[in-house]
Amino acid sequence: MRWILLGPPGSGKGTQAKRLAAAHSANHLSTGDILRAEVAKGSEVGAEAKQFMERGELVPDNVIIRMIRSRLQEGNGNGQFILDGFPRNRLQAEELDKMLTEIKVPIDRVVLVKVSDDEVKKRLAGRAVAEGRADDTADVIAHRLDVYREQTEPVVAYYREKGRLVEVEGEQSIDQVYSDLEKLVTA
Ligand code: ADP
């Protein structure tokens, strides 16, 4: 499986990606998780990314693209992967297309986990309490949603225009969303 999972913050795509990757021995490439690990390590990338993440801004494209490129080339997970959190703007989507053409690896699914704005706000406020993530304060949440609308929705449109987008309903139980996603693995 070589998938891109798209969806707003709080759509649950991270949870689903983790589960799908485990079930199919694929590499779960979550740019958010990778960045948080870099911040925790205190690496150079982490130090640069931290200021953007805390504000709910996108980390500069060159940082992210380098990060993804090296991981796609590592070839973990038998060449199977689920991209979660990338691409997040149009330029990243175009760069990804180039990379995949270069390494001759086609994507087989681009899936949008659909969740309404109201539901997203509710969920993120809940997660802030549960996990204490630095970017889950009310202001930063609102900003991340704006960034999603302005920069990431065009990525959804990009794949939709190419006829490559499939949607699943994200406002269902975690198990139900997972079962809808599993159906797409074999469909
Ligand atoms: P969310 O739940 O908001 O989607 P993520 O864990 O995917 O959170 O990402 C957290 C933060 O990491 C983002 O707000 C952003 O600052 C940074 N980030 C993650 N992926 C990317 C990316 N592809 N491009 C730029 N910044 C990114």
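Angles under 35 degrees count as roughly parallel, over 145 as roughly antiparallel, 65 to 115 as roughly perpendicular and the rest as oblique. The model is predicted: local features need pLDDT of at least 70 and side-chain atom pairs pLDDT 80 or more, while totals for chains, interfaces and linings use all residues. Residues are numbered from 1 along each chain as its sequence is written, and side-chain values use heavy atoms, with hydrogens and water left out.

**Exercise 1. Classify the crossing of α5 and α7, and find the residues that make the contact.**

Step 1. Let's start with the terms. Helices (H or I, at least four residues) and strands (E, at least two) are DSSP runs, numbered from the N terminus. Axes are lines fitted to C-alpha atoms, for helices over the stretch in contact, and angles run from 0 to 180 degrees between N-to-C directions.

Step 2. The two axes cross at roughly 45° and come within 8 Å of each other. The helices α5 and α7 are therefore oblique.

Step 3. Contact means heavy atoms within 4.5 Å. On the α5 side, the contact is made by Arg90, Ala93, Glu94, Leu96 and Asp97; on the α7 side, by Gln151, Pro154, Val155, Tyr158, Tyr159 and Glu161.

**Exercise 2. Describe the largest nonpolar core and the elements that supply it.**

Step 1. A nonpolar core is a set of buried Ala, Val, Leu, Ile, Met, Phe, Trp, Tyr and Cys residues joined through side-chain atoms within 4.5 Å. Buried means under 20% relative accessible area, exposed over 50%, and partly exposed in between (1.4 Å probe, protein chains only).

Step 2. The largest such core has 31 residues, and Leu6 and Tyr159 have the most contacts inside it. At least two residues come from each of β1 (2-6), α2 (31-41), α3 (44-55), α4 (61-74), β3 (81-84), α5 (90-102), β4 (109-114) and α7 (138-161). With six residues, α4 gives the most.

Step 3. Another core lies apart from this one; its 15 residues include Ile82, Val177, Leu181 and Leu184. As background, nonpolar side chains tend to be buried together in soluble globular proteins.

**Exercise 3. Work out the surroundings of Tyr159 and its aromatic partner.**

Step 1. Tyr159 is buried, because its relative accessible area is 0%. Leaving out residues up to four places away in sequence, Tyr159 touches Ile4, Leu6, Pro87, Ala93, Leu96, Val110, Arg164 and Leu165.

Step 2. Rings of Phe, Tyr and Trp (its six-membered ring) pair if their centres lie within 6.5 Å; planes under 30 degrees apart count as stacked, over 60 as edge-to-face and the rest as tilted. The count by this rule is one aromatic pair. Tyr158 and Tyr159 form this edge-to-face pair, with 5.1 Å from centre to centre and 85° between the planes.

Step 3. Tyr158 also counts as buried, because its relative accessibility is 8%.

**Exercise 4. Follow Leu96 and Ile65 to their contacts, and examine the bond before Pro87.**

Step 1. Leu96 is in helix α5 and is buried, because its relative accessibility is 0%. Beyond its neighbours within four places in sequence, Leu96 is in contact with Ile4, Leu72, Leu83, Phe86, Pro87 and Tyr159.

Step 2. Ile65 lies in helix α4 and is buried at 11% relative accessible area. With neighbours within four places again set aside, Ile65 is in contact with Phe86, Leu91, Glu95 and Met99. Ile65 and Phe86 are 21 residues apart in sequence, and their C-alpha atoms are 9.1 Å apart in space.

Step 3. The peptide bond from Phe86 to Pro87 is cis, with omega near -5°. Pro87 sits in the loop between β3 and α5.

**Exercise 5. Locate two residues with positive phi and decide whether each is buried, partly exposed or exposed.**

Step 1. Ser25, in the loop between α1 (13-23) and β2 (27-30), has phi near 50°. Ser25 counts as partly exposed, because its relative accessibility is 46%.

Step 2. Lys104, in the loop between α5 and β4, has phi near 55°. Lys104 counts as exposed, because its relative accessibility is 70%.

**Exercise 6. Find the rings beneath the charged ends of Arg19 and Arg55.**

Step 1. A charge sits over a ring if NZ of Lys or CZ of Arg is within 6 Å of the ring centre and within 35 degrees of the ring normal.

Step 2. The charged end of Arg19 sits over the ring of Tyr178, 4.2 Å from its centre. For Arg55, the ring is that of Phe52, with the charged end 5.5 Å from the ring centre.
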